[in-house]
Amino acid sequence: MENTEGRLVDLYIPRKCSATNRLITAKDHASIQLNIADVDAEGRAMNTFATYALCGYVRKEAEADDSINRLSTQDGYLKNVWSYQQ
């Protein structure tokens with residue numbers, strides 16, 4: 001919710017899981033938020049980063065590492081790491 005000045009005044013804004021698009025509730029204590037920093041040619045971290053949020057369900061099903069690989073490959077951070085297998 002926004003006030004008349006245009007500022008957010010909600011006390012809690014729920015996040016969405018980057019892998020499944022599920023809402024991450026306040027009681028999901030197994031969820032994580034991971035920031036992956038961009039680096040320059042010398043390997044130093046810059047001020048920009050990509051944020052991934054994973055819900056507890058993805059972590060419980062042992063799909064977190066595969067989800068991070070898939071998301072970071074889509075964003076261009078990894079190459080030839082994730083491939084779809086049936």
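## Helix α2 and Ser72

Ser72 has its place in helix α2, which spans residues 64–74; helices here are DSSP runs of H or I with at least four residues, strands are runs of E with at least two, and both are numbered from the N terminus. This is a predicted model, in which local features need pLDDT of at least 70, side-chain atom pairs count only at pLDDT 80 or more, and totals for chains, interfaces and linings use all residues. Residues are numbered from 1 along each chain as its sequence is written, and side-chain values use heavy atoms, with hydrogens and water left out.

With a relative accessibility of 3%, Ser72 counts as buried. The cut-offs are under 20% relative accessible area for buried and over 50% for exposed, with partly exposed in between, using a 1.4 Å probe and protein chains only. Setting aside neighbours within four places in sequence, Ser72 is in contact with Tyr52, Tyr77 and Leu78, where contact means heavy atoms within 4.5 Å.

## Two sides of one helix

Ser72 has company: the buried residues of α2 are Ala64, Ser67, Ile68, Leu71 and Ser72. They cover an arc of only 120° around the axis, so they lie on the same side of α2; the arc is that of the directions from the helix axis to the C-beta atoms. The general background is handy here: an α-helix has 3.6 residues a turn, so residues three or four places apart point the same way.

What covers these buried residues of α2? The cover includes β3 (32–39), β4 (45–54) and α1 (56–60). On the other side of α2, Asp65 and Gln74 are exposed.

## The β3–β4 hairpin

Two of the covering elements, β3 and β4, also belong together as a pair. They run antiparallel and are joined by seven bridges; strands pair if DSSP finds at least two bridges between them. Within this pairing, Ile36 stands opposite Ala50 in β4. The two strands form a hairpin with five residues between them, and Gly43 in the turn has a positive phi of about 90°.

## Cysteines and rings

How many disulfides are there? The count comes to zero with a disulfide taken as a pair of cysteine sulfur atoms within 2.5 Å. Cys17 is in no disulfide, and its nearest cysteine sulfur, that of Cys55, is 3.6 Å away. Cys55 is likewise in no disulfide, with the sulfur of Cys17 as its nearest at 3.6 Å. Cys17 is buried, with a relative accessible area of 1%, and Cys55 counts as buried at 2%.

For the aromatic side of things, the charged end of Arg22 sits over the ring of Tyr57, 4.1 Å from its centre. The rule asks for NZ of Lys or CZ of Arg within 6 Å of the ring centre and within 35 degrees of the ring normal.

## Positive phi in the loops

Most residues other than glycine have a negative phi. Asn21 has a positive value near 65°; this residue is found in the loop between β1 (15–16) and β2 (23–24), and it is exposed, with a relative accessible area of 54%. Ala62 also has a positive phi, near 60°. Ala62 lies in the loop between α1 and α2 and is exposed at 57%.

Just after α2, Gly76 takes a positive phi of about 90°. Gly76 is exposed, with a relative accessible area of 52%. From C-alpha to C-alpha, Gly76 and Thr48 are 14 Å apart in space and 28 residues apart in sequence.
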